[in-house]
Protein chains: 2
Amino acid sequence: MEPRISIVTIAVDDLDRMAAFYVAMGLKRHEGITDGVAFFQMGGVILGLFGRPAAEADSGLKFGDGIPRVYLAYNTRTREEVGKVLAAAQAAGGRIVKAAQKAFWGGWYGYFADPEGNLWEVAHNPDFPIAEDGTISLPPEA
Amino acid sequence: MEPRISIVTIAVDDLDRMAAFYVAMGLKRHEGITDGVAFFQMGGVILGLFGRPAAEADSGLKFGDGIPRVYLAYNTRTREEVGKVLAAAQAAGGRIVKAAQKAFWGGWYGYFADPEGNLWEVAHNPDFPIAEDGTISLPPEA
């Protein structure tokens, strides 16, 4: 495989509620494809919300319960933004899992969970530069 | 939040095994940051593997078991690639969950699970164009 992730899908129990949460977070739902799914263009990646029964039927797998061990990070351009994004998540119906604080890896960070318990880290990490278009890069290896 | 996903993290039980799987899939592990973590630059997004106990301690949450309901898609440039990526996943120690076949949404697709059961859809969807740099776009809304 080439180095890319095309879509991150969250299998959701309540599509309307979850789509409303991500819209309240400032994302723009795609208005063209809305039948049983919600799509958000996230720079060069797509975030999809797909009903859990449909996703299970399609893959033939039953998903586990609890907090998924696959989770997302949203990196901010400034340290101040971390707390603002966490507060916005709470205001939108999510939950602050870890308040903004100094990270063991040197930056500033926290966690929120969306209304169905999917986890997002929110982090300001000056070592991982964010380009104007939002893409993020690992630091040089040497 | 601005429309981006910075990092997709998979909390793993066996970091070496899981890193080896993704390397065998053709990804390049970042050689600079390797202590308890594996990072892969995926275009403008980062894929991270992080030990499950450390990830749980850091977030203060215990993750659920079973197949995570957050999963990833890798979109291919051609229909033929779908089966090739699934075969490569099997050869690398993963499992083909759904063999390459016609999709209900009109394209060609299948699923594989990595060695710890994390799900990837592999799809050829001509309606979602892939740019030369690997970024993907939703179709026009109208």
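Mentor: In this predicted model, copies are superposed by least squares on the C-alpha atoms of residues with pLDDT of at least 70 in both.

Trainee: By what turn and shift can chain B be laid on chain A, and how are the two copies thus related?

Mentor: Chain B is laid on chain A by a turn of 180 degrees, with a shift of 0.0 Å along the axis. The RMSD of that superposition is 0.0 Å. The copies are thus related as by a two-fold rotation axis.

Trainee: Which residue of chain B comes closest to the rotation axis?

Mentor: The distance is taken at the C-alpha atom, and its value is 2.4 Å. Of the residues of chain B, the one that comes closest to the axis is B:Pro68.

Trainee: Why can the copies be said to meet through the same surface, and what percentage supports this?

Mentor: The contact takes 59 residues from chain A and 59 residues from chain B. The copies meet through the same surface because the interface residues of chain B are also interface residues in chain A, to the extent of 100%.

Trainee: Which element gives the most to the side of chain B that touches chain A?

Mentor: Several elements of chain B each supply at least two residues of that side, among them strand E1 (7–12), helix H2 (52–59) and strand E5 (95–102). By class, the residues of the side of chain B that touches chain A divide into 33 nonpolar, 17 polar and nine charged. The element that gives the most, with six residues, is E4(B).

Trainee: Which residue of E4(B) stands opposite A:Val8?

Mentor: Strand E1 (residues 7–12) of chain A pairs with E4(B) in the antiparallel sense, over four bridges. Opposite A:Val8, in E4(B), stands B:Leu72.

Trainee: In what order do the elements of chain A run from the N terminus on?

Mentor: Chain A has three helices and seven strands. From the N terminus on, their order is β-α-β-β-α-β-α-β-β-β.

Trainee: What is the radius of gyration of chain A, and how does that value stand to the globule rule?

Mentor: For 142 residues the globule rule gives 14 Å, and the value for chain A is close to this, so the chain is as compact as a globular protein of that length. Along the principal axes, its C-alpha atoms fill a box of roughly 45 × 35 × 30 Å. The radius of gyration of chain A is 16 Å.

Trainee: What percentage of the residues of chain A count as buried?

Mentor: A residue is buried if 20 or more other C-beta atoms lie within 10 Å of its own. Of the 142 residues of chain A, the share that counts as buried is 43%.

Methods: Residues are numbered from 1 along each chain as its sequence is written. Chains are lettered from A and ligands numbered from 1 in the order in which they are written. This is a predicted model: local features need pLDDT of at least 70, side-chain atom pairs count only at pLDDT 80 or more; totals for chains, interfaces and linings use all residues. Two residues are in contact if their C-beta atoms, placed from the backbone, lie within 7 Å. Ala, Val, Leu, Ile, Met, Phe, Trp, Tyr, Cys and Pro count as nonpolar, Asp, Glu, Lys and Arg as charged, and the others, Gly among them, as polar. Two strands pair if DSSP finds at least two bridges between them. The radius of gyration is taken over C-alpha atoms; the globule rule is 2.2 Å times the number of residues to the power 0.38. A residue is buried if 20 or more other C-beta atoms lie within 10 Å of its own, exposed if 12 or fewer, and partly exposed in between; C-beta atoms are placed from the backbone.
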